[in-house]
Amino acid sequence: MAEIPYVCLYMSYLQSLSPFTDEERGRIVMAMLNYAATGEVPQFEGNERFIWPSLQAQIDRDIETYQAKCARNRANGNKGGRPPKNPTVIPETERFLEKPKKPKEKEKEKEKEKEKEREKDNIGADKPPTRHRFIPPTVDEVKAYCAEKGYMLDVDRFVDYYTSNGWRVGKNPMKDWKAAVRTWNGKEKQNGKTESKPTWTIGTVV
């Protein structure tokens, strides 16, 4: 029997070998290795003899697969690699032998060249300011801002409303919650809801 450099332990063996003891599983694995290396069939006297025929058949199939793969690799090696380019064709001649490029391909190449030139021109230029990720405010932050501006809107209602809609203004994500507070306060003024004093108290703002 041709030697194979490995023995496959398939995941299905977990269930198949679960009824056996650790000693029996150890003898089974050693028998698999010896059989793959020498072809010697083990002579079991215990429970291992019940599962060995299926394991032996699987090892035989693995060996056949391995030998077929080796044969294909040898055949491909005998064919050699890619054929070398014709040494008689000089680079100038290759340019004439190339297929003419379509107008769209030429336009794409021109656009790529222009893009590269623009990137070169932008090297060293001041980079645009990076946009900061929006962080929803806490109730205390909104209360502190309202106290600073003298707004008397319902802060809890404001925070609950925008929390429920994912802090979006219409269909767009909110970028400035303070601007939303100002807009909210203006709407409440128009509706006459800012005449009463706020019932919340402002904590210490660090």
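## A salt bridge between α7 and α8

Arg157 and Glu188 form a salt bridge in this predicted model, with their closest N and O atoms 3.5 Å apart. The pair links distant parts of the chain: Arg157 belongs to helix α7, which covers residues 155–164, while Glu188 belongs to helix α8, which covers residues 177–190. In sequence, the partners are 31 residues apart.

How exposed or buried is each partner? Arg157 is partly exposed, with a relative accessible area of 40%. Glu188, in contrast, is buried, with a relative accessible area of 6%.

## Two more salt bridges, both involving α2

The count for the structure comes to 3 salt bridges. Another one joins the side chains of Arg27 and Glu48, at 2.5 Å from N to O. Here too, distant parts of the chain are linked: Arg27 sits in helix α2 and Glu48 in helix α3, 21 residues apart. Arg27 is partly exposed, with 43% relative accessible area, whereas Glu48 counts as buried at 2%.

Arg25 also forms a salt bridge, with Asp22 as its partner and 2.5 Å between the closest N and O atoms. What separates these two along the chain? They are 3 residues apart in helix α2 (residues 22–38), so about one helical turn lies between them. Asp22 is exposed, with a relative accessible area of 56%, and Arg25 is partly exposed at 26%.

## Aromatic pairs in the early part of the chain

Let's turn to the rings. A search of the whole structure finds 14 aromatic pairs. One of them is Tyr6 with Tyr66: their ring centres are 5.8 Å apart and the planes stand at 90 degrees, so the pair is edge-to-face. Tyr6 lies in the segment before α1 (13–16) and Tyr66 in helix α3 (residues 48–79), so this contact ties together parts that are 60 residues apart in sequence. Tyr6 is partly exposed, with a relative accessible area of 36%, and Tyr66 likewise counts as partly exposed, at 25%.

Which geometry do the rings of Tyr10 and Tyr13 adopt? Their centres are 5.6 Å apart and their planes meet at 85 degrees, and an angle over 60 degrees counts as edge-to-face, so this pair is edge-to-face. Tyr10 counts as partly exposed at 31% relative accessibility, while Tyr13 is buried, with a relative accessible area of 11%.

## An aromatic cluster and an unusual backbone angle

Further along the chain, six residues form one aromatic cluster: Phe134, Phe158, Tyr161, Tyr162, Trp167 and Trp184.

Trp167 is worth a second look. This cluster member is found in the loop between α7 and β1 and counts as buried, at 8% relative accessibility. What is the phi of Trp167? Phi is near 50 degrees, a positive value in a residue other than glycine.

## The largest pocket

The largest pocket holds about 190 Å³ of space. Its lining is made up of 14 residues, and those nearest its centre are Tyr161, Tyr162, Thr183, Trp184 and Lys187. Tyr161, Tyr162 and Trp184 appear in the aromatic cluster as well.

Which elements give two or more residues to this lining? They are α7, β1 (168–169) and α8. The largest share, 5 residues, comes from α8. Helices α7 and α8 are also the ones that carry Arg157 and Glu188, the salt bridge partners that opened this report.

## A nonpolar patch on the surface

Finally, have a look at the outside of the model. Leu9, Val29, Met30 and Leu33 form a nonpolar patch on the surface, and together they have about 350 Å² of accessible area. Within this patch, Leu33 is found in helix α2 and counts as partly exposed, at 40% relative accessibility. Helix α2 thus brings two topics together: Leu33 of the patch lies in it, and so does the salt-bridged pair of Arg25 and Asp22.

Note on methods: Residues are numbered from 1 along each chain as its sequence is written. This is a predicted model: local features need pLDDT of at least 70, side-chain atom pairs count only at pLDDT 80 or more; totals for chains, interfaces and linings use all residues. Side-chain values use heavy atoms; hydrogens and water are left out. Rings of Phe, Tyr and Trp (its six-membered ring) pair if their centres lie within 6.5 Å; planes under 30 degrees apart count as stacked, over 60 as edge-to-face and the rest as tilted. Helices (H or I, at least four residues) and strands (E, at least two) are DSSP runs, numbered from the N terminus. Buried means under 20% relative accessible area, exposed over 50%, partly exposed in between (1.4 Å probe, protein chains only). A salt bridge is a side-chain nitrogen of Lys or Arg within 4 Å of a carboxyl oxygen of Asp or Glu. Patches are made of residues with over 30% relative accessible area and no salt bridge: like charges are joined within 9 Å, nonpolar side chains (Val, Leu, Ile, Met, Phe, Trp, Tyr) within 5 Å. Accessible areas come from the Shrake-Rupley method with a 1.4 Å probe; for residues, only the protein chains shown count as cover. On a 1 Å grid over the protein atoms alone, a cavity is a set of points where a 1.4 Å probe fits but cannot get out, and a pocket is an open set with protein on both sides within 12 Å along at least five of seven lines; lining residues have an atom within 4 Å of a point. Grid points are joined across faces, edges and corners, and a volume is the space filled by probe spheres set on the points.
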